[in-house]
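Here are my notes on the model you sent over. I went through the interface before turning to the bigger chain-level numbers, so the points follow that order.

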Amino acid sequence: MIELRRVAAVILLCVGVGAGLHLLLDPLRNAGQGAADKALTLGAGAALAVLGAIGGYLIARIPKERIRDVADRLEVLVRRGRVGMAFSDAEADALGRFGHAVNRYLAFVKDEVEQSQIAVKERQIQMKVLEAEKRHVEAVIHAISDGVLVMDSFSDLVLTNEAAKGIFGFQFEAGSRVPVEEAITDATFLDLLSEMRESGSLVPHRTAEWKRGAGECERAYRVILNTVFEGRKRDRVSGVVAVLHDVTREKEIARAKSDFVSSVSHEMKAPLASIKAYTEMLVDGDADDPAEAREFLVIIAGETDRLTRLIDKTLNLSRLESGLIAANKADLAVTELLRAVAEVVSPQAAAKGIRLEADLAPLFFHVHGDRDMLYQAILNVVSNAVKYTPEGGHVAISTYLDDGAVVVDVADTGMGVPADEIERIFEKFYRSSRSADTAAGTGLGLPLVKQIVETIHGGRVAVESEVGKGSVFRLYLPAVR
Amino acid sequence: MAARVLIADDEPCITDVVSRKLRKEGFEVIVAADGQEAYELAMAERPDFIITDLQMPRMSGLELCVRLAAELAEPVPILMLTAKGFELDPAEIARLPILAVMTKPFSPRELRDKVCQALQDLRAP
């Protein structure tokens, strides 16, 4: 009977300890860490066997009531899900000591388990952070407006972004590995990549120019190539990263700037050539008499003025275009501006016998604008009209309201602009085939008008013209309501 | 008989100063204000020497040179007087029937010397 009771007590104790360990190990199992789980289960199994053996030996020597008491306490622990039995110092018998040993062991196991749990949690967090970082880096690469390609040492494309997809027309899914020769057909670009990979550490960084398409569709790219190295000495080429930056627009701007500088220099050389030639004639004594010498000097002075005007207009236009001159806008009466312009131009018109009429509205139409700039724009249009109208002609300035805009009409009975040149007369240095024969000009007056009215004041310039009959230049300026 | 020189330029100051310089040297000078007029005058007047600008209304200096080379029975030495000197392609210039290129700003004295030299070379056997 006693033996049976002791065997039952051992089983009970083992169940108790097992339950304690189970409680401790359960969170670890759920963490899904297979290796740690197995090790702990094995450890726990071994500990259980040892505890069972020791327990069996000790329990055989312990009175029945004590065992029952301990068994009850273990059950309480299991019910409450707690680790560690309470043993008072008074319980100094074998069972008490055994209980203390079990408690210490359980505390040790609990500590180990907690440490493992923390490590697992940390690893999980690290994994999540890495995943998030990877997704973030991928998102950043995809968001880059430059094309990005990463080729590995096996000549497979391992990473490409949306911009690269747009440039090369890739059909494959993002994230898939594709042999570079299948993905890219352009031989020049493939050569760039393979040269880069083969050059290894000799040329680890390189910038090249690459063009795609032809004619109107041609796009120019600056390709920045970098070799990726691996290995302890970073001496093994593991791939090539190519970044393609679209420089088509930059090239267009550079070309436009170069054309502009070229045109300005060309235009400046004309008066300069005259100044130099007539000066040399004077120096060489080519003037037959003081009257001819004076004639040369008058031409030199005139050409100097022309050069100055050209420089001033070029600077004005370039400052306006680059936004260096800020518009000083205020509400102003257009009628008052027109009156001022008419006054300035009337001597020029009178000299050619041109009738200059300013049919100004009795009402003062107001616009919000920069007075000096608008004055310059209107002056350019009116003085052009006088310049290109033959003697005895007629120039009329009028103003009226049209659909929220104050309109300034400058009509002349001049030579007119051929229909195919109407758009071009607003280009810098463009001079109509007819205007060049008639009057001197810089070819910058109308571009300045367009810049001032359209870009700075949000208005519009329109031209109606009939060759041989005349033109109407119409400036639309947003009215102040 | 005085040699006849045609000067074509859309800048009146240039044709004026060149005419004055050459007339003082005893040349007969014909003036054209654009390429088309220069072509017509060259065909009608058969000048001994032509000085032309490159960029002109109606017909460019290049087209003028090409057409005259093709249509004139006897070639006429042509001097291109242009502000775009360094922008011209030397290979293209070499292909054209042009004696010399002179860039603006220019020296009327040097221009006169070039014309005199060219006419002298032509007359020499």
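1. Start with the charges, and keep in mind that this is a predicted model. One salt bridge to pull up on your screen joins the side chains of Glu295(A) and Arg20(B), at 2.5 Å from N to O. Between chain B and chain A the count of salt bridges is nine.

2. Polar contacts are there too: 14 residue pairs across the interface of chain B and chain A, both partners at pLDDT 80 or more. On the chain B side, α1 (12-24) and α5 (108-123) each bring at least two residues to the surface that touches chain A. The largest share, seven residues, comes from α1(B). By type, that side of chain B splits into nine nonpolar, two polar and nine charged residues.

3. How much area do chain B and chain A bury between them? About 2,000 Å², with 53% of it on carbon and sulfur atoms. Within chain B, the residues losing the most area to chain A are Arg20(B), Lys24(B) and Pro105(B), which together make up 28% of what that side buries. As for contacts, 20 residues of chain B touch 24 residues of chain A.

4. Now chain A by itself. Its secondary structure comes to 13 helices and 13 strands, and 41% of its 481 residues are buried. Of the chain A contacts with a separation of 6 or more, 60% link residues 24 or more positions apart.

5. Last, the surface: chain A has about 26,500 Å² accessible, and carbon and sulfur atoms account for 56% of that.

Technical notes
Residues numbered from 1 in each chain as written. Chains lettered and ligands numbered in written order. Predicted model: local features only at pLDDT ≥ 70, side-chain atom pairs only at ≥ 80, totals over all residues. Heavy atoms only, no water. Contact = heavy atoms within 4.5 Å. Buried area = accessible area lost by both parts, 1.4 Å probe. Salt bridge = Lys/Arg side-chain N within 4 Å of Asp/Glu carboxyl O. Polar contact = N/O pair within 3.5 Å; in protein donor to acceptor, adjacent residues only side chain to side chain. Helix = DSSP H or I, 4+ residues; strand = E, 2+ residues; numbered from the N terminus. Nonpolar A, V, L, I, M, F, W, Y, C, P; charged D, E, K, R; others polar. Buried < 20%, exposed > 50% of the residue type's maximum accessible area, 1.4 Å probe, protein only. Areas by Shrake-Rupley, 256 points an atom, 1.4 Å probe, with all protein chains shown as cover.
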